[in-house]
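Hello,

Here is the structure I promised to pass on to you. Please have a look at it first, and then read on for what I found in it.

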Amino acid sequence: MRLLRSRLFAALVLTPLLAGCFASQGGESKESGDGKDGSRLRVALAFPPAERLSPYGADATILSRLGVAEGLTTMDANGAAAPALAQSWRQEDERTWVFALRDAAFQDGTDVTPSAVVNALTRATRARPAPAALFGVTLTAEADGERGVRVRTAEPDPILPLRLSSPGLAVFSGKAYGGDGGDGGNGGGDRVDPVGTATGPFELTKVDGASSATLDRFDAYWGGRAQASGIDARFVADGTARANALRTGEVDIAEAVPVAQAATLDRDTRHDTATTRTTSLLLNVSSGPFEDPKLRAAARAAVDTSVLAEGVYEGYADPGAGIYGPAVTWADGKRVKPVGRAGAGRAKGTSITLATYDNRPELPEVAQVLKQQLEKAGFGVELEVREYSRMESDALEGEFDAFVLARNTSVDTGDPVAVLSGDFTCDGGYNIAQLCDKDVDRAVAAAERTADPGERQDAAMTAEAEILGTDAVVPLVHQRVITGVGTSVRGVVLDPYERALVGTGTRR
Amino acid sequence: MRQHVAALLWRAALAAGLVCGIGLLPWLTRTDPALTVLKARSAERDPTPEVLADIRDQLGLDSGPLHLLGQWLSGLAHGDAGRSWISGGEVLPGVLRALGVSLLLMTVALGVAAVVAALVCARTLHLGARRRLDGRRAGGTGSAVLAALPEFLIGSVLATVVGVQWGWLPALGWYGPQWTVLPALALGLPAGAVLGRLLDDLLPGAFDEPWALAAAARGIPGRRIARQAVRRCLPALLPNLGLFVVGLTGGAVAVEQIFDIPGLGRTTLQAALAQDLPVLQAGTLALILLGAVSTGACRLAARLLVGPALRDGALTTLHRPAPPTRRVQPVVHGAVLIAVVALGLPRDPLALNTGERLREPSLAHPFGTDALGRDLLARVGHGALDTLLLALAISAAALCAGVVLGLLPRLSGPLVDTVNAVPAALGALLVTAVAGGGATTPALAVTAVAWAPLAAHTSALLAQERVTLHLAATRGLGASRWYLLRHELLPAVLPPVTRHALLRLPGVALALASLGFLGLGAQPPSPEWGALLAENQPYAERAPWAVLAPAGVLALLGALAVTAAGGVRGPGRRRGDRTPDVPPARPPSPAKERVGAR
């Protein structure tokens, strides 16, 4: 009897202890039986929140993909600015824009007023480090009448509406910025709490560290009530695990299924979308064998991109056409032939180091195929593969002769020119090719100055042609992202800019 | 008492040294923490000087490592482990939660390991209880193969087959008891195989002791004798069990990843890569504490099990008599391995042809092809030499270090616990910080941890060996300490520890491959076996042969090492204390003959 009692006691003590050792599953179902209210969506996302869902870092993408937060504008499928919280906008002068707000409400019940928007934008400009979309931009915002917000920039900024579509500049109610939550210490001051303070169709109700988040439908969303009653998001870093989650029916949508796992999904559950991510071979122009433009041309000629697209990416990629791929819809019609390319020289056993990183599983494979192709052309190739953060500074310092890089060509602002100036100009902060070419700099600067969207695109393509002409970069493939979508799910937003995933029309 | 205090101080000094080492890590490796933190926060963000300066400012990096360390330590005194450099969230709740998850996983995995170990030993126990063990040796191939299989391979097979295809158990997540089964199996199967092998190695010796014979003669049931035999052998195993407790808690990174478990392994790995020092320090400290606790518990358990005997010096030496070793198994394993390598060598391991990717085994490609269409037989064959030489060299170095340090248990005990508690990625980073990124660094990094279980094993065996009767007798005859060591202790300890080292040989090859992310070790397209397994793992479901080939040869290597090591015996062992008990029915062993000749 005593034994039984002590066991019972042990069980009573152990049960809550054990429960503490499990993760919470989230999604205490608000699910109601009638189909009208819609059921909850279960989503597996690839990148766990790194900074407690702070909108000023990469976590902003999570908020925008789940339909939690939005800014004054949004980006449409063609990469142009479209209305969001701002119904319309006009340019007053070179440095001043006025945005007219629509009638919208925050998820905490307050209205979206000019002062709330001004507060949100001002907070974003004060965040340290600044949100990527505000890099190099000094911006002030002030209320303009009942429904207007006037935004001034220190320098003329022709792409301001597009810039404001960045998830990093989403608008939250004053409550989100209310104090630092006792944070003190690092990062405490700028902490933004996105739980229940944004304006999107879904409202964050609970965040469980870096493992899951629970969202409910926000019924007062200005764009109409969402069809799904809520979202249970799980952050699953491992690609195979995400694919498995979809296959076992544990989730309805699995983001970014790796190419290697695509074949394990049923044909009707895998959806591939062209993305703005281009994998390219960057050749070190300033030191080593690739100083010689003839050798660069030889390397370009040696590369067979269709083998990469078919053989490594299994068709989930398009052979490299330029710096911008097919996801940049306007690029194909405006492409200019590369200018001033050198004739291919002979490699004659020149030995080079080819580096890449293993955070994206396909890149080491790409590098190995390239190694063989380059060796066939007479190069001697040595591979170097590391984890990305362990190699970036070496790459930026030009330690390697060649580098295989997967780069999102529509960085943060959505402006196509930004990637050109960052990666290929003398002052570029991410110039792995170490390119410093007068003609390129001039062409990029011209594109940066151009305000009219169409002309800006033309100028970007001219600059692209200049850059390709130096052979400092060999575009290899334009990646397609594979999204696993359960067969009963409709209306998933497959966005080439990877900013949206669940929308008001997504339902199960 | 003084000894205890000294041990405690030593332990504390090691822990403090490690925490300081972590605190200085970025400055030692000359890797800017602002950069790694930025990449962990947002991989796509360009590292412009302004952004890095902001982060440095935010984290207070400019005040230098010592100031940061002092700040963290003074916070720790108030139970505040600081804030994560990546997320800005409090460290302690997160680490404690991850620790809870990992402890639970470890507990279930040890349960699985216990069952596996029991199965491995079942045959020996069965035969021993009936006193029919003479001249028979457990084959050990099965358990050696199991011990050689990497956790991530077992994990992905279980997740895909049991979780996804059969749908019997959840394939990922961590929400309740049924979620623990598959990950625990993945961790527990190889761990159980190792522990089972170690136990199986000792059991025949226990059954050979006088008490067992006397008990059998007295008519005590075999079952009870078997139970006592296990009890007699367990103390030698406990230190290794203690190491598994910590190793499975902090080192289950691969399994946590496959099953998406929010455990401590992933937390510390991410922190090590991003140089999120507060999290890394807190996580490592938690593991060190766990190590100290588990060592204490193991010591207590050992005392409960054989305490009086230890005190009274009433043990006999626990080593089975050398049986007539049958040399068939190792020869078969060796022949198969050599045949595979010989067939592979004439082929080209680097020629890739993406048109032929992931082909099934056929006449043209007997082992199939990998994801880039390379011939797997060729890759396995060409990888053999590098893998074997390096792994053997590391195992030998680890064995030497392990035995030498194991002879000095007071010095090495806390050191073993500390080394074992260090997460693998952190260990590699620390070694790189000290040794630089040279060609020998990966070997050093693996050796730096591989000796620990061997030292623990040595110490445990030694503790028992020192109090055996025959040692007391030899000492009584005036033998010097040096003589005792050379002629009595080492010959008794070396064979089982060598077998243990060989059992872990495949693990060494895998550990080497796992350092690749730091740019250490084999770089693609080198066909080193561990690297082969890692690069083909994503294709395990679509092209099982691509992982089966390297896993198979590794397992074969494990089986070869273990079966061949069955013959590893100390030369010239004296078995004076044992000879009278030798049952007359047993064929005279070589050892006995030598004793007789003396």
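Let me begin at one spot in chain B: right after helix 12 of chain B comes Gln275(B), which has a positive phi, near 55 degrees. Please keep in mind throughout that this is a predicted model.

Helix 12 of chain B itself is a good place to start. The helix covers residues 264-274, and 11 of its 11 residues are buried, so it is largely enclosed by the rest of the structure. The buried set includes Arg266(B) and Gln270(B) as well as Leu264(B), Leu269(B) and Leu273(B). What do these buried residues pack against? Their partners in chain B are helix 2 (33-41), helix 5, helix 10 (222-250), helix 11 (253-258), helix 13 (277-312) and helix 17 (424-435).

One of those partners, helix 5 of chain B, spans residues 91-129 and holds Cys121(B). Is Cys121(B) buried or exposed? A residue counts as buried when 20 or more other C-beta atoms lie within 10 Å of its own. Cys121(B) has 26 C-beta neighbours inside 10 Å, and therefore counts as buried. Leaving aside residues up to four places away in sequence, Cys121(B) touches Gly196(B), Leu199(B), Asp200(B) and Leu203(B). From Cys121(B) to Pro550(B), which is 429 residues away along the chain, the C-alpha separation is 27 Å.

Further along chain B there is a pair of helices to look at. Helix 21 (residues 505-513) and helix 22 (residues 529-536) of chain B have axes that come within 7 Å and cross at roughly 60 degrees. The crossing of helix 21 of chain B past helix 22 of chain B is right-handed. On the helix 21 side, the contact is made by Ala509(B), Leu510(B), Leu512(B) and Ala513(B), while helix 22 of chain B brings Trp529(B), Gly530(B), Ala531(B), Leu533(B) and Ala534(B). By class, the residues of this contact are eight nonpolar, one polar and no charged.

Now to chain A, which has 14 helices and 17 strands. A compact globule of 508 residues would have a radius of gyration near 23 Å, and the 25 Å of chain A agrees with that. The C-alpha trace of chain A spans about 85 × 70 × 45 Å along its principal axes. Buried residues account for 55% of the 508 residues in chain A. Taking contacts in chain A between residues at least 6 apart in sequence, 69% join residues at least 24 apart.

Chain A is assigned two regions, domain 1 (22-266) and domain 2 (275-479). Their centres, taken over C-alpha atoms, are separated by 32 Å. Where they meet, 17 residues of domain 1 of chain A are in contact with 16 residues of domain 2 of chain A. On the domain 1 side, helix 4 (160-163) and helix 6 (259-262) of chain A each give two or more residues, and helix 6 of chain A supplies the largest share, three residues. That side divides into 11 nonpolar, five polar and one charged.

Finally, how do the two chains meet? Here 62 residues of chain A are in contact with 62 residues of chain B. Among the elements of chain A that supply at least two residues each are helix 1 (2-20), helix 10 (362-376) and strand 15 (380-386). The largest share, six residues, comes from helix 10 of chain A. The side of chain A that touches chain B has 27 nonpolar, 21 polar and 14 charged residues.

Enjoy exploring it!

Note on methods:
Residues are numbered from 1 along each chain as its sequence is written. Chains are lettered from A and ligands numbered from 1 in the order in which they are written. This is a predicted model: local features need pLDDT of at least 70, side-chain atom pairs count only at pLDDT 80 or more; totals for chains, interfaces and linings use all residues. Domain bounds come from an automatic or database domain assignment. Two residues are in contact if their C-beta atoms, placed from the backbone, lie within 7 Å. Helices (H or I, at least four residues) and strands (E, at least two) are DSSP runs, numbered from the N terminus. Ala, Val, Leu, Ile, Met, Phe, Trp, Tyr, Cys and Pro count as nonpolar, Asp, Glu, Lys and Arg as charged, and the others, Gly among them, as polar. Axes are lines fitted to C-alpha atoms, for helices over the stretch in contact, and angles run from 0 to 180 degrees between N-to-C directions. A crossing is left-handed if the near helix is turned anticlockwise from the far one by less than a right angle, and right-handed if clockwise. The radius of gyration is taken over C-alpha atoms; the globule rule is 2.2 Å times the number of residues to the power 0.38. A residue is buried if 20 or more other C-beta atoms lie within 10 Å of its own, exposed if 12 or fewer, and partly exposed in between; C-beta atoms are placed from the backbone.
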